[in-house]
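Trainee: I have just opened this entry and would like to be guided through it. Where should we begin?
Mentor: Let us bring it up and start with one hairpin.

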Amino acid sequence: MRRFRRSPRGMRAGRVLGYGLLGALVLCLSSNSAEVPDTRTQDEQPEACSTGTLITPWTVEASGWEDVTGGDLVPVRSVADPYPSLHSVAVDAENNRVLMSDSNRGELLFYDRSAGGLSSNVAEPATQVRGPATGMMFVAGVALDPGNHEIFAVNNDIGDRMEVFPYDAEGNVRPKRILFVPHGSWGVALNRQRDEVAITVEHANTVVVYRREATQGDAPLRILHGPKTGLGDPHGITFDEERNEISVANHGNWAPLTRAESLQSGVKGGRFDPPSISTYAGDAKDDAAPVRVIQGKRTGLNWPMGMSLDPVHNEIAVASYGNDSILIFHRTDEGDIAPVRVIHGSQTSIMGPMGVSFDTKNDEIWVTNYREHTAAVFARTAQGNVAPKRLVRNAPPGTPAVGFGNPGAVAYDSKRDQILVPN
């Protein structure tokens, strides 16, 4: 067996370690361990990555195994988005604050409610929460609790936890508390009257409800899961405090969670149902059926993501990612029904909407664009192909969005000379 030749820089105790990438992260060895990687970026921890602790990258040519060298090498090239990929959004109109999650760099961005405009200027956030101490990775759903001055952030796919920060959190700070949540958790909603927090779980087709102050490994108060629920890859979620209801946006794809589930009434595979918005009693649990469902061709639902409830005007908005639209329904709509209003078209600047949030105090609606480095703000009653009132830019106009969302592998297509990145 041939041995790799190593340069002394970047190696420890003769151990051969590979070069690791997750999105745009460079894995560095912590100063007190040669076994556990520290997932801080090189920009954030330049000293740690420049003092011989970088995991050694190595590249092998088929004809030159004996000549391979290691060390602290810069990649020949990289594909990474240096700007935030805006995911979910929550508005606190009383305190004039807007919170957005950045799933690309694992951070939270706070903007002033009046931020942005129609110029090409980049709007700087008022505050940011970002860094290894935060524990945030692929930040998906967010929620704000103005009464208790708390921020809720759910980590999807690679975090399996929810971090709670105080309102004044800024920079590389530890969360106030963390809650371990099921793998694939995505959306989050608060019910301050019941003092509860509800979370959607994509892969398990489940909604879990916890005490608002639940922490660490606390068990949920109740679980909504089963064939009667109609849950299928749930994402956005809202809690109607006044009417004690929970509404959930479903992509529609379903697969059995356990072997026992797949064997019910014979062997079952997965299925694809039309996307939907399903509404349940606020205390629904187990295999409870929804009280009403919006579903069908007329709805326009296509990969529905974030949701927002307007309790004043009795409306629900959903970000329809698959057709670059914001769909607004009456809260009590059901069946195959068309939206009350649709915001869609070339003038809207909506591209890959992931989050949506009503601001009833200022009569506005906020939209985060995952495929564009912007958030768009519209009049609450906007419809059709209309321009936003203002745009919040976090990159210069025309900056391409790479669109990585938890890249878990990479492949090379030699016939087409293309790199394939599944997300």
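**A hairpin and its surroundings**

Mentor: In the hairpin formed by E17 and E18, 4 residues lie between the strands, and Asn244 takes a positive phi near 55°. Please keep in mind that this is a predicted model.

Trainee: How do E17 and E18 pair, and over how many bridges?
Mentor: Strand E17 (residues 234–240) and E18 are antiparallel, with 5 bridges. Asp240 stands opposite Glu245 in E18.

Trainee: Which strand has Ala281, the residue opposite Glu245?
Mentor: Ala281 belongs to E21. E18 pairs with strand E21 (residues 276–281) in the antiparallel sense as well, over 6 bridges.

Trainee: How many residues of E18 are buried?
Mentor: 6 of the 6 residues in strand E18 (residues 245–250) are buried, so the strand is largely enclosed by the rest of the structure.

Trainee: Which way do the residues of E18 point?
Mentor: Glu245, Ser247 and Ala249 point one way, while Ile246, Val248 and Asn250 point the other way, and all are buried. In a regular strand, side chains alternate between the two faces of the sheet.

Trainee: Changing topic, what is the chain made of in terms of helices and strands?
Mentor: The chain contains 1 helix and 32 strands. Of its 423 residues, 48% count as buried.

Trainee: Where is the largest nonpolar core, in terms of elements?
Mentor: Strands E24 (315–320), E25 (325–330), E27 (353–359), E28 (364–369) and E29 (374–379) each give two or more residues to this core. E27 gives the most, with 3 residues. The core has 21 residues, and those with the most contacts inside it include Ala317, Ile326 and Phe378.

Trainee: What does Ala317 touch, leaving out residues up to four places away in sequence?
Mentor: Its partners include Gly306, Ile326, Val356, Phe358 and Ile365. There is also a second, separate core of 16 residues, which includes Val164, Leu179, Ala204 and Val208.

Trainee: And on the surface, which residues form a nonpolar patch?
Mentor: Val410, Tyr412 and Ile419 form one, with about 350 Å² of accessible area together. Ile419 lies in strand E32 (residues 418–420).

Trainee: Is Ile419 buried or exposed?
Mentor: Ile419 is exposed, because its relative accessible area is 54% and the cut-off for exposed is over 50%.

Trainee: How much area does the whole chain expose?
Mentor: The chain exposes about 19800 Å², and carbon and sulfur atoms supply 51% of that area.

Key: Residues are numbered from 1 along each chain as its sequence is written. This is a predicted model: local features need pLDDT of at least 70, side-chain atom pairs count only at pLDDT 80 or more; totals for chains, interfaces and linings use all residues. Side-chain values use heavy atoms; hydrogens and water are left out. Buried means under 20% relative accessible area, exposed over 50%, partly exposed in between (1.4 Å probe, protein chains only). Accessible areas come from the Shrake-Rupley method with a 1.4 Å probe; for residues, only the protein chains shown count as cover. A nonpolar core is a set of buried Ala, Val, Leu, Ile, Met, Phe, Trp, Tyr and Cys residues joined through side-chain atoms within 4.5 Å. Contact means heavy atoms within 4.5 Å. Patches are made of residues with over 30% relative accessible area and no salt bridge: like charges are joined within 9 Å, nonpolar side chains (Val, Leu, Ile, Met, Phe, Trp, Tyr) within 5 Å. A salt bridge is a side-chain nitrogen of Lys or Arg within 4 Å of a carboxyl oxygen of Asp or Glu. Two strands pair if DSSP finds at least two bridges between them.
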